[in-house]
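User: Please take a close look at the nonpolar core of this protein and at the parts of the chain that surround it. I should like one connected account that I can follow with the model open beside me.

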Amino acid sequence: MLIAKVFNYLFGKKVIKKNVFISSSLSFLKRKRSIDHNYFDYVRLATLELLANEITDKKIDGNVAELGVYKGKFARYINQYFPERKLYLFDTFEGFNEKDKKTELHKAFSTGDQDFSDNSVQNVLSIMPDPDQCIIKKGYFPDSAK
């Protein structure tokens, strides 16, 4: 915290002109983390918060989407940060396709032994802050986007 204060004191005027902000925290975002205080992917969640802040401040129109929902733990945050927007949730809700597993193995992206079939549309919707804003697109992507 002290380092950020010293940096802002010494270089603040120069970096502000370049739209750079140095802070010891992201408290300026006025976080709405009321869903799950045990979500451990800090970088992913902080990135969403920064993007949501920017999109809201610039009044950018449109809906939001997540491709690959699994159990919906990250989608909850998208739903919370964009309550007035439709949230499109693209997933098979049945786990990986066999063709994709083969590709994962062949290209050494993973061991291919992950099982993402232990979920359902109902389970995902049940944890959403505003499930009425969610539009389920069940199926194999990109076919499910039609």
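Analyst:

**The nonpolar core and its surroundings**

The largest nonpolar core has 18 residues, and those with the most contacts inside it are L48, I78, F82, L87 and L89. A nonpolar core is here a set of buried Ala, Val, Leu, Ile, Met, Phe, Trp, Tyr and Cys residues joined through side-chain atoms within 4.5 Å. Buried means under 20% relative accessible area, exposed over 50%, and partly exposed in between, with a 1.4 Å probe and protein chains only. At least two residues of this core come from each of α2 (42-57), α3 (73-81), β2 (87-91) and α5 (121-126). The most is given by α3, with five residues. Helices (H or I, at least four residues) and strands (E, at least two) are DSSP runs, numbered from the N terminus.

The model is a predicted one: local features need pLDDT of at least 70, side-chain atom pairs count only at pLDDT 80 or more, and totals for chains, interfaces and linings use all residues. Residues are numbered from 1 along each chain as its sequence is written, and side-chain values use heavy atoms, with hydrogens and water left out.

As a frame for the core, the protein chain has five helices and three strands. From the N terminus on, these elements run α-α-β-α-β-α-α-β. Of the 146 residues in the protein chain, 29% are buried. Contact means heavy atoms within 4.5 Å. Among contacts with a separation of 6 or more, 59% join residues 24 or more positions apart.

Helix α3 is mostly covered, eight of its nine residues being buried. These buried residues are F74, A75, R76, Y77, I78, N79, Q80 and Y81. The elements that cover them include α2, β1 (64-67), β2 and β3 (134-138).

L89, one of the residues with the most contacts inside the core, leads outwards to several of these elements. Apart from residues up to four places away in sequence, L89 touches E66, V69, A75, V124, C134, I135, I136 and K137. A75, one of these partners, is also among the buried residues of α3.

A65 offers a second view of this region, and it is found in strand β1. A65 counts as partly exposed, because its relative accessibility is 49%. Its contacts, leaving aside neighbours within four places in sequence, are I78, L87, Y88 and F90. I78 and L87 are both named among the core residues with the most contacts. A65 and Y88 are 23 residues apart in sequence, yet their C-alpha atoms are 4.4 Å apart in space.

F90, a contact of A65, also touches S144. S144 lies in the segment after β3, and its other contacts, neighbours within four places in sequence excluded, are K137, K138 and G139. S144 is classed as buried because its relative accessible area is 11%. P142 has its place in the segment after β3 too, and the peptide bond from F141 to P142 is cis, with omega near 15°.

Two further backbone features deserve attention. Most residues other than glycine have a negative phi, and most peptide bonds are trans. F93, in the loop between β2 and α4 (98-106), has a positive phi near 55°. F93 is buried because its relative accessible area is 4%. A108, in the loop between α4 and α5, likewise has a positive phi, near 60°. A108 is exposed, however, because its relative accessible area is 64%.

Finally, the largest pocket has a volume of about 340 Å³. Of the 16 residues that line this pocket, G68, D91, T92, G95 and F96 are the closest to its centre. A pocket is, on a 1 Å grid over the protein atoms alone, an open set of points where a 1.4 Å probe fits, with protein on both sides within 12 Å along at least five of seven lines; lining residues have an atom within 4 Å of a point. Grid points are joined across faces, edges and corners, and the volume is the space filled by probe spheres set on the points. The lining has eight nonpolar, six polar and two charged residues. In that division, Ala, Val, Leu, Ile, Met, Phe, Trp, Tyr, Cys and Pro count as nonpolar, Asp, Glu, Lys and Arg as charged, and the others, Gly among them, as polar.
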